[in-house]
Amino acid sequence: MANTEKRGGFGGKMAAILAAAGSAIGLGNIWRFPYITSENGGGAFILIYLGCILFLGLPLLIAEFAVGHNTKKNPIDAFATIKRGWGWLGAMGIISVTLIMGYYFVIAGWTLNYTIASATNAIGGDFGGFFQTFTTGTWMPLLFTYIFILANHFIITGGVQGGIEKASKIMMPLLFAILVALAIYSLWMPEGREALTNVFTPDFSMVTGKSFLAAMGQAFFTLSVGMGAMLIYGSYFKDGTKIAGTAISVVSLDTIVALMAAVIIFSAGVENESGPQLAFVAMPKVFSTMPMGGVWSTLFFLLLGLAALSSTISMHEAVTSYFVEKRGMSRRKGAWVVTIVAIVLASAASLSLGDWSGYTLAGMNFFSLLDNFTSIVMLPLLGILTAIFVGWIWKKEDMRKELTAEGGVDKATYPVIRFLLRYVCPLLVSVVFVFGIIDFIKNL
Ligand code: TRP
């Protein structure tokens, strides 16, 4: 029987940290964080962001790891085991992460094309034109997206240890090495240092109510919380892996990477470019004027691609675990189902930028719908519900045991985390959620 296959797990603490950091560190850090920062007042925004990471993101990450580690089950069964009738919360996470895959794989595919085009010097001189032609095309973006999805499929079918752990142990060190090389290179140039000071200097006049929304959304997105991905990784932690320590390592690595990515991008002097085009249009343009620009450009997109790959495998795994553990499929079969769903959604998302751009709902194409719905509605909602579940629904004594004994949270910090989960997260996130929805409706 397929569903009696032994449940996988990570070999040790290092594997747990690298895999979870891999999930956290992604396009959110390198592609999204820099442009959101530049749109919201630079250094001032970063301060708000760090507050969100520390007081909302970290407790939620600990909570999610705890639910997974405590039950050693897939997201649906994990919630249902702790409290009967709560499986739907896991299901909502699985649905949301599936929708994220729909557009995330498309951008991931772009990084692959850009890596190859940079290495072969094929971008040419018209950077905006290249981006436009490529992303709105039919077959090219689809092709690269499919290659990326299949790479995921291959890693997932390799199993937790043979696939995810092994891939993380190769990808993450490589990612850090490239990041450090790029950061040193960008700080080498005097213009770089100057541009950098300008951007990191707090400009509080650019901070609005919306900046708080953006900071919180970014904090949740970058830590992959609320979607079952961190939960499933927590369920694979080996006994003796401390939850709190792992969460702190993951949050620290994720924050360092985001800040370094901002350093690299801002020091290139492109902070005035905003939006998604920053990484794909402005960066290759800057690299093209530098000595050995092709090499640096290749490294930059390789970095983006590695970050995307280590994140997408956690999304894929969260959904695959459902088909394996709830539907009794073999790992191979379950992974195929997820891969096919991802191909269908990502195809529609990719085509919605070009051939199918005429089909819109509330003025948004399918790609933007997936992005906005998951980040404005589902991310905060799942954050609130996860905090409520762990803070209010989980039996107090059981939760305390999981966090303190197994989790490694010390006696003095435990009440702080519990307080944040019971009151601060649900209340603050609700306020931001309501304003986010109102703003969203106003913009329709
Ligand atoms: N954290 C990822 C990034 O920064 C994106 C992400 C959001 C994610 N939600 C997720 C990844 C759920 C895995 C699972 O790019």
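Q: How many residues surround the ligand, and which are the closest?
A: There are 16 around the ligand, and the closest are Ala24, Gly28, Tyr104, Phe221 and Ser224; a residue counts as near if one of its heavy atoms lies within 4 Å. This is a predicted model, where local features need pLDDT of at least 70, side-chain atom pairs count only at pLDDT 80 or more, and totals for chains, interfaces and linings use all residues. Residues are numbered from 1 along each chain as its sequence is written, and side-chain values use heavy atoms, with hydrogens and water left out.

Q: How does that shell divide into nonpolar, polar and charged?
A: Eight nonpolar, eight polar and no charged. Here Ala, Val, Leu, Ile, Met, Phe, Trp, Tyr, Cys and Pro count as nonpolar, Asp, Glu, Lys and Arg as charged, and the others, Gly among them, as polar.

Q: What lies 2.4 Å from an oxygen atom of the ligand?
A: An N or O atom in the side chain of Tyr104. That pair is a polar contact (N or O atoms within 3.5 Å).

Q: And which polar backbone atom is 2.8 Å from a ligand nitrogen?
A: One belonging to Phe221. Ser23 also has a backbone N or O atom 3.3 Å from a nitrogen atom of the ligand.

Q: Other topic: which residues lie nearest the centre of the largest cavity?
A: Ser23, Ile100, Phe221, Ser224 and Met315, out of 18 lining residues. A cavity is a set of points on a 1 Å grid over the protein atoms alone where a 1.4 Å probe fits but cannot get out, and lining residues have an atom within 4 Å of a point.

Methods. A polar contact is a pair of N or O atoms within 3.5 Å; within protein, one must be able to donate a hydrogen and the other to accept it, and residues adjacent in sequence count only if both atoms are side-chain atoms. On a 1 Å grid over the protein atoms alone, a cavity is a set of points where a 1.4 Å probe fits but cannot get out, and a pocket is an open set with protein on both sides within 12 Å along at least five of seven lines; lining residues have an atom within 4 Å of a point.
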